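The following paragraphs lead through the structure, moving from a helix packing to individual residues and their surroundings. Please keep the sequence and the coordinates in view while reading.

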Amino acid sequence: MRHAARRGSGDELGQVGVLIIGYALLTLLTVTVVMAASSVYIGQKKLLSAADGAAVAAADTFSLGEPSAGAGPATVLDPDAVRAAARSYLTDTRAHERLPGLAVEEETGTADGRTAHVVLTARVHPPVVNFLVPEGITVTAVSEARARLLQ
C-alpha cells in the first residue's frame, strides 16, 4: 500500500514522456525556424555587399560634364554605363557563383546623372525547410554611390 501511494495513480504514468516529446518537437521547430531566418538574413547581407561593390564600380564610370558656376567640371553618369558596369563587376567577382538567381534589375541606372543606383535580386534557399519553398526566397538589395570630384 505504501509503495503504490508514492508512485501516484495509474492515470498519470507516462505523462512526463509525452511532455518531453512535445518540448523536443517544439525545440526542433524553433531551431529550424531560426536556421531558415538566419540563412535568409545572411543571403541578403551577401547580396547587399555585392550591390555596394557594383554601385561603387558603376559610379566610377563617370564622364566630365559642363562646369557648374564656380565649382569646376561636374561628373555625369550614363544609365546604360551604370548597368553595364554593375553587370561587369558581378561577373568579375563571380558573384553569380555565390548568389543563385542573381539579376540586375531594370531600376539600375541613375536618376540625377550623378548617383549610381543599383538594384539586385537573388534567391536564397534556406536549409531544412527548402521543401516548403522549392524555388527559394527572393531577396532584394538596393545600393547607391555618388561620383564626386574634389579639388
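In this predicted model, helices α2 and α3 cross with a right-handed sense. The residues that make the contact are Ala50, Gly53, Ala54, Ala57 and Ala58 on the α2 side, and Val82, Ala85, Ala86, Tyr89 and Leu90 on the α3 side. The two helices pack at an angle of about 130 degrees, and their axes are 8 Å apart. Because this angle lies between 115 and 145 degrees, α2 counts as oblique to α3.

Helix α2 itself covers residues 15–59, a run of 45 residues. From its first C-alpha to its last, α2 reaches 66 Å, close to the 66 Å expected at 1.5 Å a residue. Its buried residues are Thr32, Ala36, Ser39, Gly43, Leu47, Ala50, Ala51, Gly53, Ala54, Ala55, Ala58 and Ala59. The elements that cover these buried residues include α3 (79–92), β4 and β5 (137–146).

Within α3, Ala86 offers a view of the packing from the other side. This residue is placed in helix α3, and its relative accessible area is 0%, so Ala86 is buried. Apart from neighbours within four places in sequence, Ala86 is in contact with Ala54 and Val118. The C-alpha atoms of Ala86 and Ala55 are separated by 6.6 Å, although the two residues are 31 apart along the chain.

Past α3, the chain enters the loop between α3 and α4, where Thr93 is found. A polar atom of the Thr93 side chain lies 2.9 Å from the backbone oxygen of Tyr89, and Tyr89 is itself one of the α3 residues in the contact with α2. With a relative accessible area of 28%, Thr93 is partly exposed. Measured in sequence, Thr93 and Ala50 are 43 residues apart, while their C-alpha atoms are 8.7 Å apart in space.

Arg94 also has its place in the loop between α3 and α4 (95–98). Is Arg94 buried or exposed? Its relative accessibility is 54%, and therefore Arg94 counts as exposed. Its backbone also deserves attention: Arg94 has a positive phi of about 55 degrees although it is not a glycine. Most residues other than glycine have a negative phi.

A further loop, between β3 (103–104) and β4 (115–124), holds Thr110. Which polar contacts does the side chain of Thr110 make with the backbone? A polar atom of this side chain lies 3.0 Å from the backbone nitrogen of Gly113, and the side chain also reaches the backbone oxygen of Thr115 at 2.8 Å. Leaving aside neighbours within four places in sequence, Thr110 is in contact with Leu77, Asp78, Pro79 and Thr115. Thr110 is buried because its relative accessible area, 16%, falls under 20%.

These local views can be set within the whole protein chain. The protein chain contains four helices and five strands, and along the sequence they follow the pattern α-α-β-β-α-α-β-β-β. Of its 151 residues, 30% are buried. Among contacts between residues at least 6 apart in sequence, 58% join residues at least 24 apart.

Note on methods: Residues numbered from 1 in each chain as written. Predicted model: local features only at pLDDT ≥ 70, side-chain atom pairs only at ≥ 80, totals over all residues. Heavy atoms only, no water. Buried < 20%, exposed > 50% of the residue type's maximum accessible area, 1.4 Å probe, protein only. Polar contact = N/O pair within 3.5 Å; in protein donor to acceptor, adjacent residues only side chain to side chain. Contact = heavy atoms within 4.5 Å. Expected span 1.5 Å × (residues − 1). Axes fitted to C-alpha atoms, helices over the stretch in contact; angles between N-to-C directions. Parallel < 35°, antiparallel > 145°, perpendicular 65-115°, else oblique. Left-handed = near helix turned anticlockwise from the far one by under 90°.
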